[in-house]
Amino acid sequence: MITILEFKTDYRPGKEPVDKVLVAPKGEGHQKTQTWHRVSKLRPPADADENTKASLSYQDMEAKWSLIGPAYEAYKSGSEIPENGTPLTAWSGVTPEMAAAMKSMGIKTVEDVRDMSDGAVSNLRFPNARKLPALAGEFLDGADSAAKDIEMAE
């Protein structure tokens, strides 16, 4: 999917301000494929009819907006852009230096590590990088089962 990197507002003399978002694909193309988009063009129209809502392009627009929308609202309110998933800092499987290297590739959560492509893994320059996606998956499975155990105990 995509990673939201940054928001900005362009101010032009005599015109309305334009909010923009910088997005990139997760993983290996992160550094090479970063594009700015007008936020107004990404938001699905609220007055769309049923035929439009059934189209694939509208559904794609809704899926992207489900990621961009909350981050945009946080930007407009002056808050931090929210992360979806388990932050890398919560996982002992990576050092702070490794987490910084992954964040520079747009990989911000343990779920992102689990879902990394082989190309993205090959760009990581530290020992045992190939094992990280499997380790991340095991960590997430363990967290899920621990939550279930606590729920059952209660």
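Colleague: What comes after α3, and what is the sign of its phi?
Modeller: Gly 78 follows α3, and its phi is positive, near 85°. This model is predicted: local features need pLDDT of at least 70, side-chain atom pairs count only at pLDDT 80 or more, and totals for chains, interfaces and linings use all residues. Residues are numbered from 1 along each chain as its sequence is written, and side-chain values use heavy atoms, leaving out hydrogens and water.

Colleague: How do you know that the span of α3 agrees with its 22 residues?
Modeller: The expected span is 1.5 Å times one less than the number of residues. For α3 that gives 32 Å, and the end C-alpha atoms are 31 Å apart, so the two agree. There is still a kink of about 35° at Ser 66, shortly before Pro 70; the bend is the angle between axes fitted to the seven residues ending there and the seven starting there.

Colleague: Why is Ser 55 called partly exposed?
Modeller: Buried means under 20% relative accessible area, exposed over 50%, and partly exposed in between (1.4 Å probe, protein chains only). Ser 55 has 24%, so it counts as partly exposed. It sits in the loop between α2 (50–54) and α3 (56–77); helices are DSSP runs (H or I, at least four residues) numbered from the N terminus.

Colleague: And what makes Asn 128 exposed or buried?
Modeller: Its relative accessibility is 52%, so Asn 128 counts as exposed. This residue lies in the loop between α6 (118–122) and α7 (132–153), and its phi is positive, near 60°.

Key:
Helices (H or I, at least four residues) and strands (E, at least two) are DSSP runs, numbered from the N terminus.
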